[in-house]
Amino acid sequence: MENPLCPSSVLSAFPDVFLKRMEMDLLQRFEAYVASEKKIEPKDWMPDAYRKTLIRQISQHAHSEIVGMLPEGNWISRAPSLKRKAILMAKVQDEAGHGLYLYSACETLGVQRDDTIADLHSGKAKYSSIFNYPTLTWADMGAVGWLVDGAAIMNQVPLCKCSYGPYARAMVRVCKEESFHQRQGFQIMMTLAQGTEDQKAMAQDALNRWWWPSIMMFGPPDDNSPNSAQSMAWNIKRFSNDELRQKFIDLTVPQAELIGLTIPDADLKWNEETGHYEHGPIDWAEFNRVIAGHGPCNKERLAARNKAWDDGAWVREAAGAHAEKRAARKAASNTAAA
Amino acid sequence: MPRNAQHARPHPTQQPPKSKDVEKQHWPLWEIFIRSRQGLSHRHVGSLHAADAEMAIENARDVYTRRQEGVSIWAVPASEITASSPDEKDVLFDPADDKVYRHPTFYDLPDEVKNM
């Protein structure tokens, strides 16, 4: 938006050097402001790079919620009981809601919703690579809730204090709702782990398949995370990838032990001195492969989203026509009344 | 989404293929305000897209009140909201800074006055 006190016609009269200095000044003030834990709201001045970073992060986050509905939606019709089915539906509906809170927050940064969604459909935008893994058994509903939502919560709780107001507020809502997700997942795993040998094996198999992708959800290791430092300086990110990953492992290992399941990491051991678990090497080549589009379900996920959008075209069209008709009828009755 | 939408569904063969760009409709943006319970004011919770006001209310019900968060919803077209600019912050709000006498804590009372 043009600043009325400083219209572009005036600005263009200044030499570039002077403008550059003005921008530097704004940037310094912005960084000091953000560093003092104050919040930025949509109409405030912000550096372009801050805006871009947020648009990228929030839209990816929104896409992850939406694509994240697919692996779980896969099991709604096959949930083992009506209660489990109702719970799973509520959870998947929540993920849709989370996507919408986030798209709404993203839009405050000046992007159009339809364009953001088009970027997902064209494959231009990324989403969390975890959702490119398949959900093969009912136990996967347990593992996804317990581990994937657990890791997501670990990532999202610090975002509740992020410097961008609309993102932080959306995260508060998401985190409140997400803790039910993790608990229901853990409960599924616990029930299976206490069941027959076959059921226990099914739970263990799900843990084996979801453990490594889950701890990769925290992103590349700190020494290979190019955007982290800037995001930390802007108070978008509060803890490093490795810090969050460590926290997640420390919390989760005892939970697995409690229900008699084994973390699939032969090198996992408790370090008395540091008070943390040490884990084995993470296969970052796999992580990069999945991100690059070569995971087990990348194509299927994108195809499903595109199909949902295309199949919904007539609904959007009908809703538009209905709205027009309703508006016309209202206008007509207003004229008649006048 | 209108609940009776299925009835209006054309046969799939009647659907002309559309490019995604043509199809973009940019439904208007609505700001949503929720009254969490009687006695409290409506509070801004976020925004959503909808073809019209009725649909905005229906969508807001699903998006923002899945856990008994509200008893009443306002949907306001985002384009109808006039907001003050951050650039005017000082002009608008600074004048209140030096009027501490508007707050009760400005006034010293003798200890004998217990409640005032």
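Which helix supplies the largest share of the lining of the second largest cavity? In this predicted model, local features need pLDDT of at least 70 and side-chain atom pairs count only at pLDDT 80 or more, while totals for chains, interfaces and linings use all residues. Residues are numbered from 1 along each chain as its sequence is written, chains are lettered from A and ligands numbered from 1 in the order in which they are written, and side-chain values use heavy atoms, with hydrogens and water left out.

The search of the whole structure turns up two cavities of 30 Å³ or more. Here a cavity is a set of points, on a 1 Å grid over the protein atoms alone, where a 1.4 Å probe fits but cannot get out, and lining residues have an atom within 4 Å of a point; points are joined across faces, edges and corners, and a volume is the space filled by probe spheres set on them. The second largest cavity has a volume of about 30 Å³ and is lined by A:Arg84, A:Ile87, A:Gln184, A:Gln187 and A:Ile188. H8(A) gives the largest share, three residues; helices and strands are DSSP runs (H or I, at least four residues; E, at least two), numbered from the N terminus.

Chain B offers an open sheet of three strands, ordered S2-S1-S3 with antiparallel pairing; strands pair if DSSP finds at least two bridges between them. S2 (43-49) and S3 (72-77) of chain B each have a single partner strand, so one side of each lacks a neighbour in the sheet. Six bridges join S1 (residues 29-35) of chain B to S2(B), and B:Glu31 stands opposite B:Ser47 in S2(B).

How values were computed: 1 Å grid on protein atoms, 1.4 Å probe; cavity = no way out; pocket = protein on both sides within 12 Å on 5 of 7 lines; lining within 4 Å.
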